[in-house]
Amino acid sequence: MSSKKKQKEMWEKAKKIKTNRVIATLIGIILGVVLLVWPESSLIVLCQAVGLALAFGGIVAVVLYFVNHDGLMFSTVQLVFGVILAAIGIWIFARPARLVELVPTIIGLIVMINGIVDLSQTVTLGRQKYDKWWVSLIFAILTLVLGIVLIVKPFGIAAFITRVIGVVLIFNGLSDLWMISKISNDIKQMRQVIEAVDVEATEVTEEDRKKSAAAREDEAFMRGDDLKSGSGTTPQA
């Protein structure tokens, strides 16, 4: 395989990689915009998709139980698991907002409990005259308040987190596009340099070929003159 053919394949491969990377980055930016502009609707659609996936998995498990029913304990467990999974999936699909609220609520309960524990430890530090115990008190109160907010307004917190994710996706996509443009420019300049070197090498080779041909013609011409001069000389007695 010639060097030019290898270079052409390399450039084509780099072009395909760039195209795929740009498409993936644009999809990420679009998803980020959707999450930023419509966080509530995005959460609902996401939960419904999760519900459909769980329901589908449960239905498949139930169908496989009846297809491969062999009376074993494993098959019975598979049937029960499939029914439960399908029921959960249908519930999530029918009431996606409940799932959106459930996750922040659970996290809020955990955070609030942790804040209460921190608050009790802060009281202990205060009784022991610990230096700067009030710093621990501030963190404990903030943790407790954050947990309460997560419990009281779970949907709003989930929407806010969704917006933050959207901003991160947009920023990441724009930075990727900038990096792709810089790398593409570097590759383009490298290709121009390589092609210029190839052209120069081709010109030098062509020039050497012409010089070699001219040298052979001169050599042939000189040989012809030598033959003529040799044939025109008469031997002396």
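## T25 and its partners across the chain

In this predicted model, T25 sits in helix α1, which covers residues 3-37. Is T25 buried or exposed? Its relative accessibility is 6%, and since buried means under 20%, T25 counts as buried. Setting aside neighbours within four places in sequence, T25 is in contact with G173, D176, L177 and I180.

Another residue to look at alongside T25 is L174, which belongs to helix α6. L174 and T25 are 149 residues apart along the chain, yet their C-alpha atoms are separated by 7.9 Å. L174 has a relative accessibility of 49%, so it counts as partly exposed; the cut-off for exposed is over 50%.

F171 is also found in helix α6. With a relative accessible area of 61%, F171 is exposed. Its C-alpha atom is separated by 7.9 Å from that of I29, and the two residues are 142 apart along the chain.

## The chain as a whole

Stepping back, the secondary structure of the protein chain comes to six helices and zero strands. Read from the N terminus, the order of elements is α-α-α-α-α-α.

How many of the 237 residues are buried, as a percentage? The share that counts as buried is 19%. Turning to contacts with a separation of 6 or more, 77% of them are accounted for by residues 24 or more positions apart.

## Helix α2

Helix α2 has 29 residues. From its first C-alpha to its last it reaches 42 Å, close to the 42 Å expected at 1.5 Å a residue.

Its buried residues are P39, S42, L43, C47, G51, A55, G58, A61, V62 and Y65. One of these, C47, is in contact with I92, P96, L99 and V100, leaving aside its neighbours within four places in sequence.

## Helix α4

What span should the 32 residues of α4 have? At 1.5 Å a residue the figure is 46 Å, and because the end C-alpha atoms of α4 are 47 Å apart, the two agree. Just after this helix comes K129, whose phi is positive, near 60°.

The buried residues in α4 are P96, L99, V100, P104, G108, V111, G115 and T122. Two of them deserve a closer look. G108 counts as buried because its relative accessibility is 0%. Not counting residues up to four places away in sequence, G108 touches G147, L150 and I151. G108 and V152 are 44 residues apart in sequence, and in space they are 8.8 Å apart, C-alpha to C-alpha.

T122 also lies in helix α4. At 1% relative accessibility, T122 counts as buried too. Its contacts, leaving aside neighbours within four places in sequence, are with W133, S136, L137 and A140.

## The largest nonpolar core

Which residues make up the largest nonpolar core? There are six in all: L43, C47, I92, L99, V100 and A158. Helices α2 and α4 each supply at least two residues of this core. For general background, nonpolar side chains tend to be buried together in soluble globular proteins.

C47 gives a handy way into this group. Among its contacts are I92, L99 and V100, and these three residues are listed in the core as well.

## The second largest pocket

For anyone thinking about cavities and grids, the second largest pocket has a volume of about 210 Å³. Its lining consists of L43, L46, C47, L99, V100, V103, P104, I107, L150, I157, A158 and I161. What is the character of that lining? It divides into twelve nonpolar residues, no polar ones and no charged ones.

Where do these residues come from? Helices α2 (39-67), α4 (96-127) and α6 (154-231) each supply at least two residues of the lining. The biggest contribution is that of α4, with five residues.

The pocket and the core can be read together. L43, C47, L99, V100 and A158 belong to the largest nonpolar core, and the lining of the second largest pocket includes these residues too. L150 is another lining residue, and it is one of the residues that G108 touches.

Notes:
Residues are numbered from 1 along each chain as its sequence is written. This is a predicted model: local features need pLDDT of at least 70, side-chain atom pairs count only at pLDDT 80 or more; totals for chains, interfaces and linings use all residues. Side-chain values use heavy atoms; hydrogens and water are left out. On a 1 Å grid over the protein atoms alone, a cavity is a set of points where a 1.4 Å probe fits but cannot get out, and a pocket is an open set with protein on both sides within 12 Å along at least five of seven lines; lining residues have an atom within 4 Å of a point. Grid points are joined across faces, edges and corners, and a volume is the space filled by probe spheres set on the points. Helices (H or I, at least four residues) and strands (E, at least two) are DSSP runs, numbered from the N terminus. Ala, Val, Leu, Ile, Met, Phe, Trp, Tyr, Cys and Pro count as nonpolar, Asp, Glu, Lys and Arg as charged, and the others, Gly among them, as polar. The expected span of a helix is 1.5 Å times one less than its number of residues. Buried means under 20% relative accessible area, exposed over 50%, partly exposed in between (1.4 Å probe, protein chains only). Contact means heavy atoms within 4.5 Å. A nonpolar core is a set of buried Ala, Val, Leu, Ile, Met, Phe, Trp, Tyr and Cys residues joined through side-chain atoms within 4.5 Å.
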